[in-house]
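Q: Please take a close look at one part of this structure, the strands and what their side chains meet. Start with the whole, so that a newcomer can place the details.

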Amino acid sequence: QHIWTLMAGVIASYYDDGNCPCNTPPSSTQDIQSFIGDDYFCESGNPTGGWTDIVYTDDPLWDGQGCGSHEGNCCEAPGLPWFYKTFNSTTDYIELRVCGDESTDNEDVPFSLYEIYIK
């Protein structure tokens with residue numbers, strides 16, 4: 001069962017097919033998988049009009065701050081930087097998966113800390 005997805009877009013303030021699907025005006029050809037629905041945050045740490053092979057560290061992702069001009073809808077999600085999901089009782093394991101469709105020398109999103117709270 002899907003809990004939440006954290007996505008990274010290519011550019012925060014310029015049109016690119018790899019931008020977040022929530023960007024305005026619509027600037028992505030990326031389709032959200034049906035199992036994700038509205039349960040995601042997406043942001044880009046890249047404020048430029050292009051990209052280079054570096055890790056953009058000035059704007060941490062998924063905090064709702066430092067959003068580019070096209071990321072308005074992405075950064076207005078309720079609860080940022082927290083997400084909340086209600087489930088019926090379950091004994092399923094909770095997994096954190098980091099996925100990508102490119103190698104880390106082309107697409108890399110480092111994590112330094114991730115906390116899961118269960119109530």
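A: The protein, shown here as a predicted model, has 2 strands and 0 helices. Its radius of gyration is 15 Å, close to the 14 Å that the globule rule gives for 119 residues, so the protein is as compact as a globular protein of that length. The C-alpha trace spans about 45 × 30 × 25 Å along its principal axes. Of the 119 residues, 25% count as buried. The accessible surface comes to about 8800 Å², and carbon and sulfur atoms account for 50% of that area. Contacts between residues at least 6 apart in sequence often reach further along the chain: 59% of them join residues at least 24 apart.

Now the strands themselves. Strand E1 covers residues 5-8 and runs parallel to E2, with 4 bridges joining the two. One of the residues involved is Thr 5, whose bridge partner in E2 is Tyr 40. In a regular strand, side chains alternate between the two faces of the sheet. Strand E2 covers residues 40-43, and its side chains divide in two: Tyr 40 and Cys 42 point one way, while Phe 41 and Glu 43 point the other way. Burial does not separate these two sets, since all four residues are buried.

Phe 41 deserves a closer look. Its relative accessible area is 2%, so Phe 41 falls under the 20% limit for a buried residue. By the ring-distance rule the structure has 5 aromatic pairs. In one of them, the rings of Trp 4 and Phe 41 have centres 5.1 Å apart and planes at 65°; this angle is over 60 degrees, so the pair is edge-to-face. Trp 4 sits in the segment before E1 and Phe 41 in strand E2, so that the pair links distant parts of the chain, 37 residues apart. Phe 83 belongs to the picture too, forming one aromatic cluster with Trp 4 and Phe 41.

Another aromatic pair gives a contrast. The rings of Trp 62 and Phe 111 have centres 5.8 Å apart and planes at 25°, so this pair is stacked. Trp 62 and Phe 111 both lie in the segment after E2, and the pair ties together parts that are 49 residues apart in sequence. Trp 62 counts as buried at 12% relative accessibility, whereas Phe 111, at 37%, counts as partly exposed.

Charged side chains make a link beside the strands as well. The structure holds 2 salt bridges. In one, the side chains of Asp 39 and Lys 85 meet at 2.6 Å, N to O. Asp 39 lies in the loop between E1 and E2 and Lys 85 in the segment after E2, so this salt bridge ties together parts that are 46 residues apart in sequence. Both partners count as partly exposed, Asp 39 at 22% relative accessibility and Lys 85 at 30%. Glu 95 forms a salt bridge with Arg 97, with the closest N and O atoms 2.5 Å apart. Here the partners are exposed: the relative accessible area is 53% for Glu 95 and 62% for Arg 97.

One residue of the segment after E2 remains to be placed, His 70. Its C-alpha atom is separated by 5.0 Å from that of Thr 24, although the two residues are 46 apart along the chain. At 16% relative accessibility, His 70 counts as buried.

How values were computed
Residues are numbered from 1 along each chain as its sequence is written. This is a predicted model: local features need pLDDT of at least 70, side-chain atom pairs count only at pLDDT 80 or more; totals for chains, interfaces and linings use all residues. Side-chain values use heavy atoms; hydrogens and water are left out. Buried means under 20% relative accessible area, exposed over 50%, partly exposed in between (1.4 Å probe, protein chains only). Two strands pair if DSSP finds at least two bridges between them. Rings of Phe, Tyr and Trp (its six-membered ring) pair if their centres lie within 6.5 Å; planes under 30 degrees apart count as stacked, over 60 as edge-to-face and the rest as tilted. The radius of gyration is taken over C-alpha atoms; the globule rule is 2.2 Å times the number of residues to the power 0.38. Contact means heavy atoms within 4.5 Å. Accessible areas come from the Shrake-Rupley method with a 1.4 Å probe; for residues, only the protein chains shown count as cover. A salt bridge is a side-chain nitrogen of Lys or Arg within 4 Å of a carboxyl oxygen of Asp or Glu.
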